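Let's work through a few exercises together. Grab a pencil and have a good look at what comes next.

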Amino acid sequence: MNLTPKSLRAALGAHAPADLATAGVAPAAPGPRPLPSGVPILTVKDVCKRYDSDPDSPLVLDNVNMTVDRREIVALLGRSGSGKSTLLRIIAGLLSSTSGQVAVAGKPVSGPANDVAMVFQSFALFPWLTVLENVQVGLEARGVPPAEMRKRALAAIDLIGLDGFENAYPRELSGGMRQRVGFARALVLDPGILLLDEPFSALDVLTAETVRTDFLDLWGDGHLAIGAVLLVTHNIEEAVQMCDRILVMSSNPGRVAAEIEVTLPHPRVRTDPAFRQLVDHIYGLMTRRRKAAPGIAETLAAGLSLQLPHVSTNVLAGLMEMVDAEPHNGVADLPVISSALQMSTDDLLKVAETLQMLGFAEVVEGDIRLLPPARQFAQAELDVRKRLFADHLLQRIPLASHIRRVLQERPNHRAPRPRFETELEDHMSETAADETLKAMISWARYAEVFAYDGDTAQFHLDAEEEA
Amino acid sequence: MTMHVLHGGRDGLGSPSPLARLAPSRWDMVALPLVLGLLALLVFGGHEVAQPLSQLERTPITLDPWTLPYYALRTTLRMLAALGASLLFTLVYAPLAVKSQRAGQILIPALDILQSVPVLTYLSFTVTFFLGLFPGQVVGAELASIFAIFTSQAWNMTFSFYQSLRTVPSDLEEVCTGYHFSTWQRFWRLEVPFAIPGLVWNMMMSMSGGWFFVVAAEAVTVGSTTITLPGVGAYLALAIEQRDLGAIGWVILTMLGVILLYDQLLFRPLVAWADRFRADTVQAEERPTSWVLTMVERSTLFRTLGRPAGGAARATLRWRLPALPRLSAPRLSPRAVRMGDYVWQGALAVMALYVAVHGIQFMATGVTWGDVGHVVLLGLATMVRVVVLIVLAAVIWVPIGVMVGMRPRLAAIVQPLAQFLAAFPSNLFFPVAVAAIVHWTLNPDIWLSPLMILGTQWYILFNVVAGSQAYPVDLRDVIANLRLRGWRKWRDALLPGVFPHLVTGAITASGGAWNASIVAEAVSWGDTHVQARGLGAYIAQMTTDADFPRLVLGNVVMVCFVVLFNRLVWRPLYAYAERRLRVS
């Protein structure tokens with residue numbers, strides 16, 4: 001199965017960016033080695049990745065192909081489980097792929113790649129090193145002499161706006177400042193390609209915006225001696241704001257589902273109608289193309305291999321109430337809800353799809369539509385809600401009816417957790433099985449379809465029912 | 001357009017002129033005499049070690065109090081040498097166990113066993129070897145003594161480092177890999193710094209543990225001759241032999257001074273320095289400080305001396321060994337790897353069997369089945385003592401610790417005191433116990449027991465205080481709000497909250513008590529010997545008698561008891577506390 005990325009040209013920004021091309025003139029001093037024109041800085045060819053070395057284990061990445069050219073910022077946009085971070089680590093040489101090739105600057109990657117520097121979601125600074133020392137470590141690893149090391153590190157610190165913080169320790173800095181150190185540490189190496197692994201998602205909204213636009217300014221003004229940028233994110237607006245091209249990844253297994261060129265001029269304004277239209281369009285793509293947003297038939301067919309996301313019943317009820325109420329009256333635009341709730345796309349889609357899985361809603365083209373039981377749920381009292389939820393749980397989630405049946409068949413109406421754990425692990429990884437069981441337990445407790453005792457790690461039917 | 005061009009004119013951090021940098025600061029007035037003094041002591045102590053053995057016979061130990069500072073110097077140098085050796089051992093052993101899964105399969109259980117073998121045993125088995133290294137020289141006896149102290153210090157440090165290595169944050173590991181750190185650079189930039197806080201804490205515990213055994217370690221017995229090295233331990237032994245209470249008082253006084261000194265000069269600076277290696281990124285309100293550390297950091301003397309050394313050390317981090325030709329080893333299939341594991345484990349099993357067979361053969365030369373039963377019973381007796389004492393200590397110290405922990409000002413006084421008491425070698429007080437037992441003709445099986453936990457009970461207090469300091473303020477408000485009182489308040493709110501800390505403290509205390517049993521179950525005062533029935537007394541006796549088959553038997557039983565006790569009691573308890581009761 002070979003899915004070539006479909007190029008969906010979003011011809012929304014009419015004027016081409018003024019000088020993006022000219023800004024890409026090769027920098028004077030120790031920048032990346034000039035490449036023969038036409039050779040992309042990054043090529044990923046037919047990359048597959050499985051969970052582990054077992055050839056029967058599930059695929060994380062399925063036949064991924066992509067390229068990044070010089071002076072491009074490309075986004076890998078996808079939900080959790082789309083394997084985008086795994087792909088980034090394969091490109092960085094931190095993980096090896098099961099099959100396929102990756103080449104950076106024309107050289108095949110096997111082991112940590114030379115022309116690559118990465119910025120981490122968690123900042124990943126050494127708490128015991130000062131800002132200056134943190135920025136220097138990469139140069140130290142390359143054996144750069146101390147004087148030059150210091151000079152280059154100070155220049156990078158200056159550039160990224162950390163002047164005056166050279167001797168501070170990371171714990172003395174705010175999150176935004178820490179991530180700036182993360183950027184400086186990567187930039188000082190003048191990498192051919194800069195890998196950004198959700199670098200803004202651990203920051204609050206305002207800080208993230210500042211660091212993001214500062215980075216874009218440096219990039220746009222040509223101050224950065226880096227060849228290209230590959231950004232991993234689940235934030236659609238961030239991808240649209242920053243990138244020249246967006247690769248939308250689908251989940252389970254991860255594939256490149258769509259490719260979108262963004263030609264809006266910089267600086268991009270989020271309230272601009274063209275910007276909003278593009279965001280809506282991508283929302284639609286992400287909800288339409290998801291295979292693991294199963295309808296009733298798929299859910300039931302999946303049987304015990306159905307992975308359950310650990311979403312609290314409070315959140316499920318909250319979303320149903322919100323969509324049921326004015327002004328939505330049962331149908332809502334997901335981007336609108338996302339910004340109203342200050343909830344990330346990823347989290348919101350997870351909740352919406354859980355509702356779909358339970359037969360309470362349909363998620364289509366970036367919209368969520370409540371089904372009649374959900375509207376009834378939204379307006380009902382607690383015990384009616386619990387009954388409704390229990391009915392849907394037992395009808396829609398094979399694991400729920402399975403556990404209940406086992407408990408009913410056993411004379412003492414009890415069953416140990418490992419019994420179901422091993423059963424689930426035939427179909428999914430250990431962590432997925434764990435999350436699925438956790439979700440199952442919390443939903444079942446709410447619906448009172450069966451109980452779970454954490455001390456003894458046993459499922460049992462409710463005492464009342466036993467009597 | 002590059003950064004270099006943009007900021008080319010800039011030079012450093014606006015550093016002052018070189019001359020200003022060399023001007024002495026007021027800290028130098030303290031630093032200079034201190035450094036010169038320490039250097040002189042080091043040279044003096046070192047000179048004394050390089051003497052022939054006959055020198056020792058000409059100058060026997062005396063009870064003159066004025067010799068005590070000199071003895072204290074010798075003992076402290078021995079302790080520090082052993083600590084250094086322990087550190088070196090730790091830095092090599094733990095990485096081996098972590099980096100190679102197969103090496104770990106043998107190194108970690110070995111460590112478990114090594115730490116439960118009593119110190120005396122090491123001494124009696126290695127003396128001849130060390131004396132043989134430098135025949136007729138004091139150095140040989142010194143080395144044997146240092147090795148004995150080393151065996152009381154190294155293991156917990158190694159465990160601590162091993163634990164740290166296994167919990168290094170994965171994102172920092174990715175940085176090391178992604179940014180092409182060499183193994184050497186990764187070791188010093190990530191792994192060691194990450195481990196430092198735990199390591200420093202364990203070094204302090206090791207130092208305390210070492211003092212406990214110094215008495216035994218300074219008397220080196222070979223066959224019928226005993227070489228007594230000048231030191232505090234030897235002085236104490238002589239004082240006990242001659243029933244000189246005054247001399248014992250002088251030793252206690254000296255020890256107070258010594259502990260205060262190395263606490264101020266060594267451990268406080270270390271703790272304050274180690275604080276910067278805490279991996280969390282929140283800023284603590286109160287951070288440990290030390291005037292010595294401040295002096296080292298601010299005085300021109302240290303900075304001038306330190307710069308070239310620091311520069312040289314950092315230079316090694318930039319070393320790149322010429323890349324080894326990449327072995328295009330075929331990627332082994334999972335099955336091949338599994339086969340390799342089987343072969344390795346098989347080899348280990350054969351080796352273990354070989355050692356076991358030889359050990360049993362050796363024991364069979366002087367041990368009967370009756371002995372085995374007897375020794376197991378003795379082990380049970382010692383175990384009962386340990387359990388009862390830990391429970392007693394918990395009953396006493398938990399309420400006190402919680403009270404103290406809830407009052408920050410009191411805690412600020414009690415914490416260092418508990419730490420100090422833990423560092424104090426409690427065996428200095430043993431003679432008092434003997435005198436009391438003899439005077440009132442008490443039952444030694446009961447009344448010697450408290451000595452086992454005299455030194456280590458403080459870890460329980462220390463940890464409980466720390467635990468109740470960490471008790472969440474909102475939960476305390478709930479207790480007040482719901483008017484929880486009396487037993488209910490303790491059972492429902494306070495005890496579960498401090499339980500994980502109590503377990504941590506009790507594990508330390510129990511390990512210490514097992515170790516102390518060989519010293520505490522058989523105590524002397526002049527020619528009065530008081531003995532409790534227990535495994536510790538048995539091992540001590542067999543060591544004195546040089547009855548090696550029975551000594552091995554005693555040790556094997558001791559190791560079995562300690563290891564099983566850890567596996568069957570402490571680990572499950574600790575896991576339970578972590579899982580259910582961790583207040584986070």
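**Exercise 1.** How far apart do the C-alpha centres of domain 1 of chain B and domain 2 of chain B lie?

*Solution.* Before we start: this is a predicted model, where local features need pLDDT of at least 70, side-chain atom pairs count only at pLDDT 80 or more, and totals for chains, interfaces and linings use all residues. Residues are numbered from 1 along each chain as its sequence is written, while chains are lettered from A and ligands numbered from 1 in the order in which they are written.

Step 1: find the domains. The assignment for chain B gives domain 1 (27-301) and domain 2 (367-584); such bounds come from an automatic or database domain assignment.

Step 2: read off the distance. The two C-alpha centres are 23 Å apart.

Step 3: look at the contact. It takes 25 residues from domain 1 of chain B and 26 residues from domain 2 of chain B, where two residues are in contact if their C-beta atoms, placed from the backbone, lie within 7 Å.

**Exercise 2.** Which helix supplies the largest share of the side of domain 1 of chain B that touches domain 2 of chain B?

*Solution.* Step 1: list the candidates. α6 (101-116), α7 (119-133), α10 (183-217), α11 (232-241) and α12 (245-274) of chain B each supply at least two residues of that side. Helices (H or I, at least four residues) and strands (E, at least two) are DSSP runs, numbered from the N terminus.

Step 2: pick the winner. α10(B) gives the largest share, seven residues.

Step 3: sort by class. This side of domain 1 of chain B has 16 nonpolar, six polar and three charged residues. Here Ala, Val, Leu, Ile, Met, Phe, Trp, Tyr, Cys and Pro count as nonpolar, Asp, Glu, Lys and Arg as charged, and the others, Gly among them, as polar.

**Exercise 3.** Now switch to chain A: how many residues of domain 2 of chain A are in contact with domain 3 of chain A?

*Solution.* Step 1: get the bounds. Chain A is assigned domain 1 (7-16 + 37-288), domain 2 (309-387) and domain 3 (397-467).

Step 2: check the spacing. The C-alpha centres of domain 2 of chain A and domain 3 of chain A are separated by 25 Å.

Step 3: count. Six residues of domain 2 of chain A touch eight residues of domain 3 of chain A. On the domain 2 side, the split is two nonpolar, three polar and one charged.

**Exercise 4.** Why do the buried residues of α10(A) sit on the same side of the helix?

*Solution.* Step 1: check the helix length. The 12 residues of α10 (residues 313-324) of chain A should span 16 Å at 1.5 Å a residue, and the end C-alpha atoms are indeed 16 Å apart. The expected span is 1.5 Å times one less than the number of residues.

Step 2: name the buried residues. They are L316(A), L319(A), M320(A) and V323(A); buried means that 20 or more other C-beta atoms lie within 10 Å of a residue's own, with C-beta atoms placed from the backbone.

Step 3: use the arc. These residues cover an arc of only 100° around the axis, so they share one side of α10(A). The arc is that of the directions from the helix axis to the C-beta atoms. An α-helix has 3.6 residues a turn, so residues three or four places apart point the same way.

Step 4: find the neighbours. The buried residues of α10(A) pack against β12 (331-333), α12 (345-357), β14 (367-370) and α13 (372-379) of chain A.

Technical notes: A residue is buried if 20 or more other C-beta atoms lie within 10 Å of its own, exposed if 12 or fewer, and partly exposed in between; C-beta atoms are placed from the backbone.
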